[in-house]
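Let's go through a model together and check each label against its definition. Have a look first, then we'll start asking.

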Amino acid sequence: MNDLHQLVSKFKDDQLLLPIWFENGSLKILDQLKLPFQEEYYTIHSVEDLAKAIKDMNIRGSGALGISGAYGIYLAALNSKGHIHEIHQAGQLLKSTRPTAINLMKTVDEVLSTVSGKPEEVASKVEAKVIEILKRQLEFEHKLGEYGATLIDDGDTILTHCHSGAVGGSGYGGRALSVIRKAFDQGKSLNVIACETRPYLQGARITTYELKKFGIPHTLITDNMSGFCMKNGMVQKIVVGSDRVASNGDLANKVGTYMHALAAKEHNIPFYTATSSHTIDFDTNNGDSIEIEYRDAAEVTHINNSPIALEGTKALYPSFDITPNHLIKGIITEKGVISAPFEQNLKVLETQFV
Ligand code: RUB
C-alpha cells in the first residue's frame, strides 16, 4: 500500500467526513448535490470529469476545492504517465472552473511546481505534495478552530451562512464549523443559526446535515430572516467561511454574507470570517478587484429543476459578494485571529504563513 492510500485509510478510521479521496487509480467524490438525503459517492477517472464536477457543484467549498485541485494534478500525472505539458493543461482546466475560489488556483499552482524531471518520477513527486497538502489542511482546520473557539462564549448563538464545514474542507469542520465544533467540544453550550442560502441551499442541505452529525443544536432560517433574528437578540456572533480575502481584509464569500454583515454592524454583533493563509490573496488590494463568479440564472428560476417563476423571467446569480473590511471584527486563521487594521496586520502575518 502506498503512502497516499495509508493516509486516506487513516482519515477514514478517524471518522473524517472526506469530500474526495484517491482509491484504486481514480478519485471518489461525495456528491454534495445529493446531501442531506443521500450520501452518494461516485468515481472520477479523468481531470475533465473532475472539472465538470467542480463546475456543477458536486464538490464545493474552498478547502475541498483546493484538495480537489491537488488530487486532479495527481490524476493527470498518472493518466498522462508524467507528460509535463498535459499535466499543466489539466491545471489550467481546473483553475478555470471557479474563478473566485483562490484556494483552488493556489493549490493547483503549488502542486504544479513539483512537476518536473523524468516522466516516470513525476507521479511520485506529485503524490508527496498531495500528502503534504492533505495533512497541512487538516492541521489548519484544527488550529484555526482552536483560535476561533476562544471568541465563542458559553451560551452563544452563532449565525453562519452557506456551508463552511467538513465536506467543504478536509473533513473535520472546514473553517466556520471547525470554530463551532471546537467550542462545542470544549463544553460550551451553543446554538447555531444556519441560513438556508438560496439558490443552492448549502446551509439548509449541508450545514444542518453536518451539525446534526456533530450533535450541535441548530435552527434553520431563510436568508431574509437574519435581520429579524439579530434585532431580537437571537444572535451573539456571526462566523462564516471565505472564498477569498483581499490583502486589505475585504472578504469574498457566498452571496448574502454582505447583508448579514451590514445587519450585524447595526446591532453590534461581532462578525468573523474563518479562513486559512491559502485563502488570503496578497496580490489583490481590495474586494473590488476580486472576480465574482456569475452562475446560470436558471439556478435562481428553478429549484431541483422545477420552475418557480414564469418561463422567460430574467434572473441574476452573482455567486459571491464582497463584505468590506470595516464590517469585519476579526479574521480567524491557523496563525491566530487578525483584527483591524487588516492591511497592516495581514502583512505582518504574511511573513509567517507557510
Ligand atoms: C461556498 C461558500 C462558502 C465558502 C466558505 O461557495 O461561499 O461560504 O466556501 O466556506 P460555493 P469555506 O458553495 O459556491 O462553493 O471557507 O469553508 O470554503
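Q: What is the space taken by the ligand?

A: That space is the largest cavity. On a 1 Å grid over the protein atoms alone, a cavity is a set of points where a 1.4 Å probe fits but cannot get out. Keep in mind that this is a predicted model, where local features need pLDDT of at least 70 and side-chain atom pairs count only at pLDDT 80 or more, while totals for chains, interfaces and linings use all residues. Residues are numbered from 1 along each chain as its sequence is written, and side-chain values use heavy atoms, with hydrogens and water left out.

Q: What makes the pairing of Asn253 with the ligand a polar contact?

A: A polar contact is a pair of N or O atoms within 3.5 Å. A polar side-chain atom of Asn253 sits 3.1 Å from a ligand oxygen, so the pair qualifies. From the backbone, Ser242 puts a polar atom 2.9 Å from an oxygen of the ligand, and Gly61 has an N or O atom 3.4 Å from one.

Q: Why is the ligand said to lie between domain 1 and domain 2?

A: Domain 1 (3-139) and domain 2 (142-350), with bounds from an automatic or database domain assignment, both give residues to the shell around the ligand, so the ligand lies between them.

Q: How many residues does each domain bring to the contact between them?

A: Counting heavy atoms within 4.5 Å as contact, domain 1 brings 33 residues and domain 2 brings 38.

Note on methods:
Polar contact = N/O pair within 3.5 Å; in protein donor to acceptor, adjacent residues only side chain to side chain. 1 Å grid on protein atoms, 1.4 Å probe; cavity = no way out; pocket = protein on both sides within 12 Å on 5 of 7 lines; lining within 4 Å. Sits in = over half its atoms within 2 Å of the grid points.
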